[in-house]
Every structure is written in C-alpha cells, then in structure tokens.
Amino acid sequence: MKNKEELDQELNHQAEEQIMEETPQSEIEDLSDTENQGAKLESEITDLKDKYLRLYSDFENFRKRTAKERIDLIKTASEDVLKDLIPVVDDFERATKASEIETDIVKIKEGNQLIFHKLVRILETKGLKVMDDLIGKPFNPDTQEAITQIPAPKEELKGMVVDVVEKGYTLGDKVVRYAKVVTGA
C-alpha cells in the first residue's frame, strides 16, 4: 500500500509541476493580484459602509437638534414682545387705581391716551403697522374683508371703501388682521 500511496503522491507532484510549467507566470500573478484587489475592495466597502453610517447618524442628530431648536424658538418667540408689554399692563393698573380716586374726567382721558400711545409705539417698534387711509380707495380683497355693501353716497365711491369698521394690521408684508370695511355699490 505504501507503494501505491508513494506512486499517487509522485503523480500528483508531477501533475502540479506540469501545471506550473504550462501556466504562464503572468496568470499566476494575475490570480494573486485579483485576490489582493478583492481584499482591497472588501476593505473599501467596509470603510464606505462605516462612513455612510456615521454620516447618517450625524444627519439624524442634526435633524433632531434643529427640530428641538425650532420648537424652543416657537415657544419663546413672543418673549421679547411680552416683556415690552408688561410696563403697559403696569400703567393700566396704576391708571385703574388712580381713576377710582380721580374725579376729573379730562385727567383720566389724558392718562388713557398716554397708555394707548405707549402701547402703539411698542407695537410699531416690533413691526406692526396699521392699514391707514383706506376710505375712498379701491377695495382690495388681499388686505380687506368687506362686511357689507351700501349704496355709494357719491358716484366715484362705487367699488371703493366707504367706511372702516375695524382697522387692519400688517407685520412686515404679511397681513396679521384684515381690515373690515364697508364698500359702495
């Protein structure tokens, strides 16, 4: 049996030598290069997957953080306006106490006018503007709401604003409250 095993080993060895002799050296190098390239590609794929996961997690963190910041900003956006309005509330409280004692109506009206003008100034500094001079101008459905229509007192007031029932306000270019107007027919 040993002879048979030795014979098999010798035949295998001769076959390997013959294959090595018949196979060009470039093909052997190509096989080893292909294995090296495969290993390099596997390494690159692993690196790219890692980078992708890190980038994805960074983006998710960014998205969550900006959503939280937006909610916080919305909650506290009116804080500075409210801080500026607190002195007006204090003035109203003082005026109410003073009006209980005061008998002169003129002084009470003057005090109320001062508080009113202070409130209007604060709102104007925050960008709120009153829609003025609407009477006699054409009706604009983008900024006005027609609550009723009456016969025009003059021919030139047809389709125009005849009266303003409630003032309109804008904040920048955005309408905060539409002016309620009466139009002429």
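**Exercise 1. Decide whether Q144 counts as buried or exposed in this predicted model, and list what Q144 touches.**

Step 1: Start with the cut-off, since buried means under 20% relative accessible area. Q144 comes in at 5% relative accessibility, so Q144 counts as buried.

Step 2: Place the residue. Q144 sits in strand β2.

Step 3: Go through the neighbours, skipping residues up to four places away in sequence. That leaves L134, P138, F139, V161, Y178, A179 and V181 as the residues Q144 touches.

**Exercise 2. Work out which class of burial T183 falls into and which residues T183 is in contact with.**

Step 1: T183 belongs to strand β6, residues 179-184.

Step 2: With a relative accessible area of 7%, T183 is under the 20% limit and therefore buried.

Step 3: Leave aside neighbours within four places in sequence, and the contacts of T183 are F139, A146, T148, Q149, I150, M160 and V162.

**Exercise 3. Find the residues of the largest nonpolar core, then look at what V175 touches.**

Step 1: Six residues make up the largest nonpolar core: M131, L134, V161, V175, A179 and V181.

Step 2: Take V175 and ignore residues up to four places away in sequence. V175 then touches M131, D142, T143, Y169 and T170.

Step 3: Follow one of those, T143, which is found in the loop between β1 (128-130) and β2 (144-150). Leaving aside neighbours within four places in sequence, T143 is in contact with M131, V175, Y178 and A179.

Step 4: Now try a C-alpha distance. T143 and K180 are 37 residues apart in sequence, with 9.3 Å between their C-alpha atoms.

**Exercise 4. Say which phi values stand out at D133 and G127.**

Step 1: Recall the background: most residues other than glycine have a negative phi.

Step 2: D133 isn't a glycine, yet its phi is positive, about 55°. D133 lies in the loop between β1 and β2, and its relative accessible area of 60% is over the 50% limit, so D133 is exposed.

Step 3: G127 has a positive phi too, about 105°, and comes just after α4.

**Exercise 5. Check the helix lengths of α3 and α4 against 1.5 Å a residue.**

Step 1: Helix α3 covers residues 79-101, which is 23 residues. The expected span is 33 Å, and the end C-alpha atoms are 34 Å apart, so the two agree.

Step 2: Don't treat α3 as perfectly straight, though. There's a bend of about 25° at L85, with a proline, P87, following within four residues.

Step 3: Helix α4 covers residues 105-125, which is 21 residues. From first C-alpha to last, α4 reaches 30 Å, close to the 30 Å expected.

**Exercise 6. Classify the aromatic pair in the structure and state how exposed Y52 and Y56 are.**

Step 1: There is one aromatic pair to look at. Y52 and Y56 form it, with 6.3 Å centre to centre and 25° between the planes, so with planes under 30 degrees apart the pair counts as stacked.

Step 2: Both tyrosines, Y52 and Y56, lie in helix α2 (residues 25-76), four residues apart, or about one turn of the helix. An α-helix has 3.6 residues a turn, so residues three or four places apart point the same way.

Step 3: Y52 is exposed at a relative accessible area of 53%, while Y56, at 45%, is partly exposed.

**Exercise 7. Sum up the fold of the chain and its overall surface.**

Step 1: Count four helices and six strands. Reading from the N terminus, the order is α-α-α-α-β-β-β-β-β-β.

Step 2: Of the 185 residues in the chain, 11% count as buried. The accessible surface comes to about 15,500 Å², with 56% of that belonging to carbon and sulfur atoms.

Step 3: Finish with contacts. Among those between residues at least 6 apart in sequence, 61% join residues at least 24 apart.

Key
Residues numbered from 1 in each chain as written. Predicted model: local features only at pLDDT ≥ 70, side-chain atom pairs only at ≥ 80, totals over all residues. Heavy atoms only, no water. Phe/Tyr/Trp six-rings, centres within 6.5 Å; stacked < 30°, edge-to-face > 60°. Helix = DSSP H or I, 4+ residues; strand = E, 2+ residues; numbered from the N terminus. Buried < 20%, exposed > 50% of the residue type's maximum accessible area, 1.4 Å probe, protein only. Contact = heavy atoms within 4.5 Å. Areas by Shrake-Rupley, 256 points an atom, 1.4 Å probe, with all protein chains shown as cover. Expected span 1.5 Å × (residues − 1). Bend = angle between axes of the 7 residues up to and from the residue. Core = buried A, V, L, I, M, F, W, Y, C linked by side-chain atoms within 4.5 Å.
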